[in-house]
Amino acid sequence: MDSNCAKVSKLWTKIQKGNKKALSDLYGMYADVLYQFGKSCSSDSGLVEDAIHDLFLELYIRRKKLPVARNVKNYLFTILKRKIAALSKNRPLVISSEEDPNGKIFRNQELSKETEIMANEEKEELGFLLSNAIDKLTPKQKRGVLMRFYQNSTYEKMALDLGVSIGTARTLIYRSMQNMRRNLS
């Protein structure tokens with residue numbers, strides 16, 4: 001193991017123990033390289049920067065579950081590539097006029113009126129089907145679904161309000177979802 005790998009391995013171990021300085025040092029070592037790599041995956045500079053920041057934030061949050069450091073650089077590249085792919089799905093394509101001076105790239109920033117109407121019809125139909133599936137649940141299941149998905153209650157709060165154990169609250173939601181899937185198919 002060369003000295004750089006040993007240094008990175010030590011930083012990794014420190015990060016796993018919650019050392020923020022080690023995280024900062026690792027960021028300093030790899031941020032530029034990761035950015036260059038990220039730009040090969042996406043032309044959106046902001047997205048690449050967001051993905052890198054998300055990557056290091058997640059490293060710290062999940063530090064106790066990080067794998068053993070075998071090849072930290074490859075690990076960082078792999079995770080960054082996944083993050084860029086995930087973020088790209090959620091963002092609209094924005095192309096500047098400098099990147100496409102002739103306007104040959106399709107720009108679909110606004111939906112056509114027809115597409116918008118179809119999307120609204122699909123949304124209404126889905127809402128109708130979902131409403132029917134909920135109507136077929138037992139009163140207790142309906143209450144549980146309402147609390148969990150419309151009021152964003154935790155399982156602990158649901159258990160308290162319904163007068164059941166937390167495990168029973170989880171089972172109630174699980175079975176409600178099974179029934180709804182069955183009713184929707």
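This passage describes the nonpolar core, the aromatic contacts and a nonpolar surface patch of a predicted model.

The largest nonpolar core of the predicted model contains 25 residues, of which Leu26, Leu34, Leu55, Phe56, Leu59, Leu76 and Leu80 touch the most other members. At least two residues of this core are supplied by each of helix 1, helix 2, helix 3 and helix 4, and the largest share, eight residues, comes from helix 3. In soluble globular proteins, nonpolar side chains tend to be buried together.

Three aromatic pairs are present in the structure. In one of them, the ring centres of Trp12 and Tyr75 are 5.4 Å apart and the ring planes stand at 80°, an angle that makes the pair edge-to-face because it is over 60 degrees. Trp12 belongs to helix 1 (residues 3–16) and Tyr75 to helix 4 (residues 72–90), so that this pair ties together parts separated by 63 residues in sequence. With a relative accessible area of 1%, Trp12 is buried, whereas Tyr75, with a relative accessible area of 23%, is partly exposed.

Another pair is formed by Tyr27 and Phe56, whose ring centres lie 5.0 Å apart and whose planes are at 80°, so this pair is likewise edge-to-face. Here too distant parts of the chain are linked, since Tyr27 is located in helix 2 (residues 20–41) and Phe56 in helix 3 (residues 45–61), with their positions 29 residues apart in the numbering. Tyr27 is partly exposed, at a relative accessible area of 31%, while Phe56 is buried, at 5%; Phe56 is also among the core residues that touch the most other members.

Aromatic rings are also approached by charged side chains. Arg63 lies over the face of Tyr60, at 4.2 Å from the ring centre, and the charged end of Arg148 is placed over the ring of Tyr155, 4.2 Å from the centre of that ring.

On the surface, a nonpolar patch is formed by Phe128, Leu129, Leu130, Leu146, Phe149, Tyr150 and Leu184, which together have about 670 Å² of accessible area. The elements that contribute two or more residues to this patch are helix 5 (113–135) and helix 6 (139–150). Phe149, one of the patch residues, is placed in helix 6 and has a relative accessibility of 43%, a value at which the residue counts as partly exposed, because that class covers the range between the 20% limit for buried residues and the 50% limit for exposed ones.

Technical notes. Residues numbered from 1 in each chain as written. Predicted model: local features only at pLDDT ≥ 70, side-chain atom pairs only at ≥ 80, totals over all residues. Heavy atoms only, no water. Patch = residues over 30% accessible without salt bridge, like charges linked within 9 Å, V, L, I, M, F, W, Y side chains within 5 Å. Areas by Shrake-Rupley, 256 points an atom, 1.4 Å probe, with all protein chains shown as cover. Salt bridge = Lys/Arg side-chain N within 4 Å of Asp/Glu carboxyl O. Helix = DSSP H or I, 4+ residues; strand = E, 2+ residues; numbered from the N terminus. Buried < 20%, exposed > 50% of the residue type's maximum accessible area, 1.4 Å probe, protein only. Phe/Tyr/Trp six-rings, centres within 6.5 Å; stacked < 30°, edge-to-face > 60°. Lys NZ or Arg CZ within 6 Å of the ring centre and 35° of its normal. Core = buried A, V, L, I, M, F, W, Y, C linked by side-chain atoms within 4.5 Å.
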